[in-house]
Amino acid sequence: MARLHPRLLHALNLLPSDRPVHLLTRHSVRELAKNGFADYRLPLTPEGIELARDWGGQLARPVSAFYSSPVGRCVDTAKAMAEGALRAGLIDRPMDVLTDNTLVEPGCYVQDMNRVGPTFLKMGAMRFLNRHLQNPFEGMLSPADGCAKLAGYLRDREPGRGELAVHVTHDTILAVLVAELEGRRSINQDDWPWMMEGLWVWFQDGGMHWVWRGERGHRLLRASA
């Protein structure tokens with residue numbers, strides 16, 4: 001049976017109750033890739049839908065909006081989370097999922113997919129991301145610029161005071177973002193986001209604050225690329 005990362009639920013206790021908060025989360029459990037690459041056609045499993053629905057009901061604060069990568073398994077994750085939030089009374093009416101290409105894998109970092117795409121497919125996700133963290137490819141934003149772009153995206157969608165906005169994305173985006181925030185230039189399998197694992201983010205006193213795997217961090221904001 002699929003389960004949430006053991007430190008994800010605990011993070012709810014570390015969030016400021018009076019601030020607008022974002023949850024940038026990986027999609028839920030999908031079907032297995034047969035060739036090693038999780039292309040956009042792979043859907044959620046029934047178990048993945050139920051996991052997302054259950055987690056949506058545990059978010060512990062009112063939800064202002066659900067955003068998603070336009071990839072089907074991300075949209076379906078957001079829909080299931082919204083269903084769970086409605087059942088739990090965290091939203092008072094059914095909500096549409098708003099899609100945004102910033103959340104597409106690995107869209108927020110890519111400037112020229114024709115140059116980057118073949119390299120990604122050739123190297124595989126882990127090798128590609130480690131190379132990107134150490135020596136960014138031409139046609140891509142640096143990890144720092146990508147972080148600034150994502151921070152700008154989130155700030156433009158700030159929920160109300162004490163509310164939560166949910167953004168469903170992909171493992172590659174989360175992996176690079178967390179590594180950049182923590183000042184790391186490499187990742188391994190232990191760093192890889194679980195299905196349905198998320199980064200909590202809020203903005204305060206000119207800085208970006210976050211909780212990842214039960215650990216809080218913050219940094220001053222820089223201008224978006």
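Helix 2 and its surroundings

The buried residues of helix 2 are Arg73, Cys74, Val75, Thr77, Ala78, Ala80, Met81, Ala82, Gly84 and Ala85. This is a predicted model, and helix 2, which runs over residues 72-87, is a convenient place from which to begin reading it. What covers those buried residues includes strand 1 (21-26), helix 1, strand 2, strand 3 (97-99) and strand 4 (164-169). The length of helix 2 can also be checked, because at 1.5 Å a residue its 16 residues should span 22 Å, and its end C-alpha atoms are 23 Å apart, which agrees. Just after helix 2 comes glycine 89, which takes a positive phi of about 80 degrees.

Helix 1 is one of the elements that cover helix 2, and the packing of this pair can be described further. The axes of helix 1 and helix 2 lie 6 Å apart and make an angle of about 40 degrees; the two helices are therefore oblique to each other, and their crossing is right-handed. On the side of helix 1 the contact is made by Ile49, Ala52, Arg53, Trp55 and Gly56, which meet Thr77, Ala80, Met81, Glu83, Gly84, Ala85 and Arg87 in helix 2. Sorted by character, the residues of this contact comprise six nonpolar, three polar and three charged.

A second pair of helices, helix 5 (residues 143-155) and helix 6, packs at an angle of about 105 degrees, with axes 9 Å apart. Because angles of 65 to 115 degrees count as roughly perpendicular, helix 5 and helix 6 are described as roughly perpendicular to each other. Here Pro143, Ala144, Cys147 and Leu150 in helix 5 meet Ile173, Val176, Leu177, Glu180 and Leu181 in helix 6. The residues of this contact divide into eight nonpolar, no polar and one charged.

Histidine 170 leads back to helix 2, since this residue, placed in the loop between strand 4 and helix 6, has Arg73 and Cys74 among its contacts. Leaving aside neighbours within four places in sequence, histidine 170 is also in contact with Arg26, His27, Ser69, Val71, Leu103, Val104 and Glu105. Histidine 170 is buried, with a relative accessible area of 1%.

Methionine 126, in helix 4 (residues 125-134), offers another example of contacts between parts of the chain that are apart in sequence. The C-alpha atoms of methionine 126 and asparagine 188 are separated by 7.5 Å, although the two residues are 62 residues apart along the chain. Beyond its neighbours within four places in sequence, methionine 126 is in contact with Ile187, Asn188, Gln189 and Trp192. With a relative accessible area of 25%, methionine 126 is partly exposed.

Two loop residues remain, and they are picked out by their backbone angles. Most residues other than glycine have a negative phi. Alanine 60, found in the loop between helix 1 (46-56) and strand 2 (63-68), nevertheless has a positive phi, near 65 degrees. Methionine 196 likewise has a positive phi, of about 75 degrees, although it is not a glycine, and this residue lies in the loop between helix 6 (171-181) and strand 5 (198-204). Are these two residues buried or exposed? Alanine 60 is exposed, with a relative accessible area of 60%, whereas methionine 196, at 0% relative accessibility, counts as buried.

How values were computed:
Residues numbered from 1 in each chain as written. Predicted model: local features only at pLDDT ≥ 70, side-chain atom pairs only at ≥ 80, totals over all residues. Heavy atoms only, no water. Helix = DSSP H or I, 4+ residues; strand = E, 2+ residues; numbered from the N terminus. Buried < 20%, exposed > 50% of the residue type's maximum accessible area, 1.4 Å probe, protein only. Axes fitted to C-alpha atoms, helices over the stretch in contact; angles between N-to-C directions. Parallel < 35°, antiparallel > 145°, perpendicular 65-115°, else oblique. Left-handed = near helix turned anticlockwise from the far one by under 90°. Contact = heavy atoms within 4.5 Å. Nonpolar A, V, L, I, M, F, W, Y, C, P; charged D, E, K, R; others polar. Expected span 1.5 Å × (residues − 1).
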